[in-house]
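Here are some short exercises on reading a protein structure. Try each task with the model in view before you look at the solution.

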Amino acid sequence: MKFLLFTFVGVVHLFSLNSGKAIYKNDIFRRTFQEIKEEIAHYKDVAKAIINLAVYGKAQNRSYERLALLVDTVGPRPSGSKSLEKAIQIMYQNLQEDGLENVHLEPVKIPHWERGEESAVMLEPRVHKMAILGLGSSIGTPPEGITAEVLVVTSFEELQRRAPEARGKIVVYNQPYVNYSKTVQYRVQGAVEAAKVGALASLIRSVASFSIYSPHTGIQEYQDGVPKIPTACITVEDAEMISRMASRGNRIVIQLKMGAKNYPDADSFNTVAEIIGSKYPEQVVLVSGHLDSWDVGQGAMDDGGGAFISWEALSLIKDLGLRPKRTLRLVLWTAEEQGGIGGFQYYQLHKANISNYSLVMESDEGTFLPSGLQFTGSEKARAIMEEVMRLLQPVNVTQVFRTGEGTDINFWIQAGVPGASLVDDLYKYFSFHHSHGDTMTVMDPRQMNVAAAVWAVVSYVIADMEEMLPRS
């Protein structure tokens, strides 16, 4: 997943909205904000029913148990793999058996990359076998590997200053972790920048908030006109040790072997299910998570949890016999980890109906105990979302932050559709992100219950309100 920073939003922007002035859209008279507040307040009992069913009732722990069954059965689900396609077929059957409507698969062409066997051994100043994970789309090394001296840098700026030293070496990045959105540039662009100055390979300190000698993989991007070199992530501990050695003037030599290969694009699918709207079936509130994962761990947290609370949202609404005025559409994306491939192809297929999308939602930052929602949209829409979130006071999840986003929904948000994403414990999330540690052991069924309740209440109320969310 990709993540942007957010900041807390207060309620000061309600100014004119609370003054009783009418809201307009496309020159059509809309109700006063006070009337909208009153409409939302009438959903209090429905919200409580959803919360009770998800957190305390018969649906308690259901999303957790469903997720555990899938990831224990299938395991990790990298783009282009048989395990991803098995998971898609299982979910297609599950959604049908759950009684959801218009369950179908939408074809997508997706990248297919496999890491193969890989190793890194420090040969000088002492022998030390290193834990590594090749980065997505990386090329492999020659069979005999690459053995070269190391140049350690802490930033792209330092690499440029020391460019004459880099030729014929393996560049090791020991960049400090600031936050994910700022630090991930070294994983994504590290190989290209190293290749520009003549490096033979690059090793990147894992982009992680915490480490217990755990490498963290992820996508990297080559650039046209720049030589492709092998690239992998190493642990925080090894990056710091190598940096200390270099600061003492030690000559460091590493042998890197990677069997990574890129294959032709594979056939895959976005998985779709709906509760069809009762009054405005052509209008849509979209809830989503991605079904693919990296090839390590189980992909339980990233993004099994997000996919399964999105399914759970529709299940809860269906179980209560509710049918919103607008269609609630669940999409389980494919190939998000390769840069939102499934999300982009869905956007291309459906963007002609963009005026009918009231809200797009994606959960891809964990399903731990949520603190609120990130939201991107007009100030009028934000004021409405703040009122909707007040319905979640029984679980103490009421905050609305800036910058709702998600790799798969950003195409819609950039085109003006309001977007929302779940906010929770990001320090914990990036401790396990894209690593062998992303397993069911990280997940907490009680926290997933609350996350599912939040997802269901927000999606249902926005789908059932008389009017779509206003745009800028």
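The exercises below use a predicted model, and they go from the whole chain down to single residues.

**Exercise 1. The whole chain**

Task: Find out how many helices and strands the chain has, and how its radius of gyration relates to the globule rule.

Solution:
- Start by counting elements: there are 14 helices and 18 strands in the chain.
- Next, take the radius of gyration, which is 24 Å, and set it beside the 23 Å that the globule rule gives for 472 residues. The two values are close, so the chain is as compact as a globular protein of that length.
- For the outline, the C-alpha atoms fill a box of roughly 70 × 45 × 40 Å along the principal axes.
- Now look at burial: 61% of the 472 residues are buried.
- Finally, consider contacts between residues at least 6 apart in sequence: 82% of these join residues at least 24 apart.

**Exercise 2. Helix H3**

Task: Work out what span is expected for helix H3, and which helices its buried residues pack against.

Solution:
- Helix H3 covers residues 62-74, which is 13 residues.
- The expected span is 1.5 Å times one less than the number of residues. For H3 this gives 18 Å, and the helix reaches 18 Å from its first C-alpha to its last.
- Then pick out the buried residues of H3: Arg62, Ser63, Arg66, Leu67, Ala68, Leu70, Val71 and Val74.
- These buried residues pack against helix H4 (82-97), helix H9 (300-319) and helix H14 (445-464).
- Last, look just past the helix: Gly75 follows H3 and has a positive phi, near 80°.

**Exercise 3. Phe308**

Task: Decide whether Phe308 is buried or exposed, and list what it is in contact with.

Solution:
- Locate the residue first: Phe308 lies in helix H9.
- Buried means under 20% relative accessible area. Phe308 has 1% relative accessibility, so Phe308 counts as buried.
- Set aside neighbours within four places in sequence, and Phe308 is in contact with Ser63, Arg66, Leu67, Leu70 and Met91.
- Compare sequence with space: Phe308 and Met448 are 140 residues apart in sequence, while their C-alpha atoms are 9.1 Å apart.

**Exercise 4. The surface**

Task: Find which residues form a nonpolar patch with Tyr427 on the surface.

Solution:
- Begin with the chain as a whole, which exposes about 18,100 Å², with carbon and sulfur atoms supplying 52% of this area.
- Place Tyr427 next: this residue is found in helix H13 (residues 426-432).
- Its patch partners are Phe210 and Ile212, and together the three residues have about 360 Å² of accessible area.

Terms used. Residues are numbered from 1 along each chain as its sequence is written. This is a predicted model: local features need pLDDT of at least 70, side-chain atom pairs count only at pLDDT 80 or more; totals for chains, interfaces and linings use all residues. Side-chain values use heavy atoms; hydrogens and water are left out. Patches are made of residues with over 30% relative accessible area and no salt bridge: like charges are joined within 9 Å, nonpolar side chains (Val, Leu, Ile, Met, Phe, Trp, Tyr) within 5 Å. Accessible areas come from the Shrake-Rupley method with a 1.4 Å probe; for residues, only the protein chains shown count as cover. A salt bridge is a side-chain nitrogen of Lys or Arg within 4 Å of a carboxyl oxygen of Asp or Glu. Helices (H or I, at least four residues) and strands (E, at least two) are DSSP runs, numbered from the N terminus. Buried means under 20% relative accessible area, exposed over 50%, partly exposed in between (1.4 Å probe, protein chains only). Contact means heavy atoms within 4.5 Å. The radius of gyration is taken over C-alpha atoms; the globule rule is 2.2 Å times the number of residues to the power 0.38.
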